[in-house]
Amino acid sequence: MRIHSLRSRIALVFVLLMLAVQAAAFVVISTVIASNAHRNVEDQLSVGERVFQEVLHSNAGKLTQAAGVVAADFGFRAAVASHDQTTVTSALQNHGDRINADVVMLVGLDGKLIADSRGPTHAGESFAFPGLIRKAERSGDASTIGVINGRPYQLVAVPVKAPLVIAWVTMGFAIDDALARETRGLTSLDVSFLGKPDGKHWTVLATSLEHTARQPLQASLAAAAPADLHAGPLDRVDDYGTRVVLLASDSEPVVAILQRSLKEAMAPYHRLQTTLFILTLIGVAVSIGGSVFTARSVTRPIGALTRFSQRIGQGDYSEPIAVSHRDEIGELAAAFNQMREGIAERETRIMDLAYQDRLTGLPNRALFNDRLQQAIVVALRLGHPLSAMMMDLDRFKYVNDTLGHHIGDLLLDEVGKRLRANLLRASDTVARLGGDEFAILLPTDNVDAAKIVAARLLKSLETPIVVEGQVVDVGASIGIVSCPDNGRDMHTLLRRADVAMYTAKRANTGFAIYDERDDQHSAERLSLMSELRHAVEHDELTLHYQPKVDLATRAVKYVEALVRWEHPTRGFIAPDQFIPFAEQTGYIKSISRWVAEKAIRQCAQWHALGLDLKVSINVSARDLMQAELPETLDALLRKYEVDPGSLWIEITESAIMDDPNHAIATLDQLHQLGIRLSIDDFGTGYSSLSYLKRMPVHELKIDRSFVMGMADDKDDETIVRSTINLGHNMGLKVVAEGVEDAATLAHLKTLRCDLAQGYHVSRPLPPDKLESWLVTWHDQSEAQLREADTPA
Ligand code: C2E
Ligand code: CA
Ligand code: CA
């Protein structure tokens, strides 16, 4: 227990207070006991003095009676009268013996001893106490204390009458240790008789005291006057209560001192005091125990609170502290619990802010990365697969731009809800990474399972979303990766999921699984990149041209330029295999520039040859984003002196819808230059009519998938038909691409489609082949016309 701890201080204060109280009680009780003992001793002394006086009185009575009996004895009187010394002496002796008198004397009227029990030698001596005789003359008998040969005696004198007084019988008891002890037996007081045998110093003549106690008494009496004995010195005789009794004396003074040993008187009190002392000790011990217990009961909850707050300091909010006290400590504990809840709540809020996407309430990128990281560690350790997906909404930018950010936000929220609702496992995570980008983590699924999930997620987005009365149709593209097949670290996996997502977007397949061939960073792609660059720089690329034939007149005035790559070792590489890649890497700009120059130059050459052909070139989304596209094209048209009206640009619907506002701005510029515009692959994207109306479009190209399917599929036929009508209503020329047979061509003609393009008309051809094809086509057309004109 530390000395400065609250517990020890509380205990200390309690103990000190208890000690003080016990000590005070002890002192008070001891004082009361002492004064009580002293009073008791005083009382005993008073009683003892009266008893002592009574003893003297009764001894005097006994002596007087015995002496009276002798004095009245006829024979004795006769013997006294006849001076019969022998008879007198023996009579005195006999009577004295009867009461054990120590001294018996017969004193003559002349004051001389006639007989003395001590022996015949004393006869004739003067009686030492004439005062006694005189007192007896006056009152008939008398008693006194006298000292004979240094020993005190109690003496009485009685006259012997015949009938006149003829002598005095004196009888006495020795005042000796025996008397003193006898008195002590009666009074419980020690009795000492003092005298001044030398006339100067008090001397103990007889006493009941033990030998050892005599000396101090003797010492304290030195040279004190009888009067002094009452006050001063005797009171100071150690450990005794004292009473001084002055005895009537005829000669030198004799004093009796009654003493009560304080030690003895106090003995019963001492037992009481010892008991009291033990009780005090027990009291102190109990109070120490009690105060320690109290201190502990106060400080133990404080200790618990301390540990609790240390726990909170370490960020452990798991358990509240138990509130068992109903006192201030209980209130404090309750306050601590409130504090714990408050801190935990705020921390969760902070965590939420740091790890939660505020718009959708989904985990954000930071949390997703965190979980992915952990899932990778677990998957690698336990040896099971893990899948992750990256998802991007199609046309979100368009929704945002046309319907406003508010609707865009609500849309994202709804998408988030649908995604979450379609993940079956609690361990799966869907997060919003930012913008219209979502990510999904399936910590225990392989690619096959991920494909099923991806399909389910995409299906959940097929139902149009209604936000504030607006029906919004969103699609999404998902890229799927799995660990460890596609990478063993977070960054690689995320990047590859991104690559797969773009593949899915481009191919319009909904979802795609990562394929190294799509990845510009893969070794194969890197070499393809340098080869492509090499191809552009060394003229390995060529342009083929595919004619668009006028369905009404069979005239061919338009051709589409399509790029071809004749690789020195790999052979022919289809544009589908390198154009998307070039778009991803940004190298498409160089290719587009190359294509534009080549096509415009070709156009100029044809014009020079007198061939009135207008050339279409394909432009990708990335080209549209480029501010310098109109400038570049303008420069090239000027360079080869080609009329801008002879240049057509084909742009896919989805390229426009990626960022409609930006696209429209560029298209407007191109339009102002006089360049014509064609919407490619129409029907596959989600163009909105309102956009189409705002754009300077001249032509719609129905996607070849519908055209190729229209012979067998009623729906495709309906789409083709309605697209033709739509185009016409908007004042646009409509082109059907992918015409592979005569029936389709004929059908398109009945549907009043303007132009047809396809293998049935001609495959894309190199320029010289196209020129000869044109001659053949022209001749065939002439022939057909002639046949038609010839009446059957
Ligand atoms: P696209 O713009 O839709 O071009 C038409 C594609 O359909 C061409 O494929 C053409 O050969 C093919 N085609 C024409 N008639 C038929 C037919 O009757 N049946 C079938 N099955 N296919 C037919 P190609 O040349 O392989 O080009 C593929 C895509 O590559 C093009 O689709 C275009 O998006 C892109 N591309 C081609 N050249 C360029 C270019 O110079 N620049 C850009 N940016 N993209 C190009
Ligand atoms: Ca095209
Ligand atoms: Ca097309």
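**Entry 1: the two calcium ions**

I began with the metals and found that Asp680 bridges the calcium ion (ligand 2) and the calcium ion (ligand 3), which lie 4.1 Å apart. I keep in mind throughout that this is a predicted model.

For ligand 2, I listed the protein donors of the calcium ion as Glu560 (OE), Asn618 (OD1), Glu650 (OE) and Asp680 (OD), at 2.0 to 2.4 Å from it. Written along the chain, these donors follow the spacing E-x57-N-x31-E-x29-D. Two of them, Asn618 in strand S20 (residues 614-618) and Asp680 in strand S22, form a pair that links distant parts of the chain, 62 residues apart.

I then asked myself whether Asp680 is buried or exposed. Asp680 has a relative accessible area of 7%, and it counts as buried because the limit for that class is under 20%. Asn618, with a relative accessibility of 29%, counts as partly exposed.

For ligand 3, I noted the protein donors as Asp680 (OD), Asp681 (OD), Glu737 (OE) and Glu737 (OE), so that Glu737 is listed twice, and the distances run from 2.1 to 2.5 Å. The donor residues of this calcium ion are spaced D-D-x55-E in sequence. Since Asp680 lies in strand S22 and Glu737 in strand S24 (residues 733-737), the pair ties together parts that are 57 residues apart in sequence. I also checked burial for this pair, and both Asp680 and Glu737 are buried.

**Entry 2: ligand 1**

Next I turned to ligand 1 and asked which of the 21 residues around it come nearest. They are Gln546, Arg564, Arg704, Glu740 and Tyr759. Looking at the individual atoms, I found an N or O atom in the side chain of Arg704 at 2.9 Å from an oxygen atom of ligand 1. Asp680, which I already knew as the bridge between the calcium ions, has a polar side-chain atom 3.0 Å from an oxygen atom of ligand 1. For Asp681, which is also a donor of the calcium ion (ligand 3), the distance from an N or O atom of the side chain to an oxygen atom of ligand 1 is 3.4 Å. On its own, ligand 1 has 790 Å² of accessible area, of which the protein covers 88%.

I sorted the shell around ligand 1 by class and counted 9 nonpolar, 4 polar and 8 charged residues. At least two residues of the shell come from each of strand S18 (556-567), helix H17 (575-585), strand S22 (676-682) and helix H24 (704-709). S18 gives the most, with 4 residues.

**Entry 3: Asp392**

I then looked up Asp392, which is found in strand S10 (residues 386-394). Asp392 is buried, with a relative accessible area of 9%. Its side chain is joined to that of Lys505 by a polar contact of 2.9 Å. Leaving aside neighbours within four places in sequence, I found Asp392 in contact with Asp436, Glu437, Gly475, Ala476, Ser477, Met501 and Lys505.

**Entry 4: His538**

Last, I asked where His538 is found. His538 sits in the loop between helix H16 (523-537) and strand S17 (541-550), and at 48% relative accessibility His538 counts as partly exposed, because the exposed class begins over 50%. I compared its position with that of Gln22: the two residues are 516 residues apart in sequence and 115 Å apart in space, taken from C-alpha to C-alpha.

Terms used: Residues are numbered from 1 along each chain as its sequence is written. Chains are lettered from A and ligands numbered from 1 in the order in which they are written. This is a predicted model: local features need pLDDT of at least 70, side-chain atom pairs count only at pLDDT 80 or more; totals for chains, interfaces and linings use all residues. Side-chain values use heavy atoms; hydrogens and water are left out. Buried means under 20% relative accessible area, exposed over 50%, partly exposed in between (1.4 Å probe, protein chains only). A polar contact is a pair of N or O atoms within 3.5 Å; within protein, one must be able to donate a hydrogen and the other to accept it, and residues adjacent in sequence count only if both atoms are side-chain atoms. Contact means heavy atoms within 4.5 Å. A residue is near a molecule or strand if one of its heavy atoms lies within 4 Å of it. Accessible areas come from the Shrake-Rupley method with a 1.4 Å probe; for residues, only the protein chains shown count as cover. Ala, Val, Leu, Ile, Met, Phe, Trp, Tyr, Cys and Pro count as nonpolar, Asp, Glu, Lys and Arg as charged, and the others, Gly among them, as polar. Donors are N, O and S atoms within 2.8 Å of the metal (3.2 Å for Na, K and Ca); water is not among the atoms, so sites may look incomplete.
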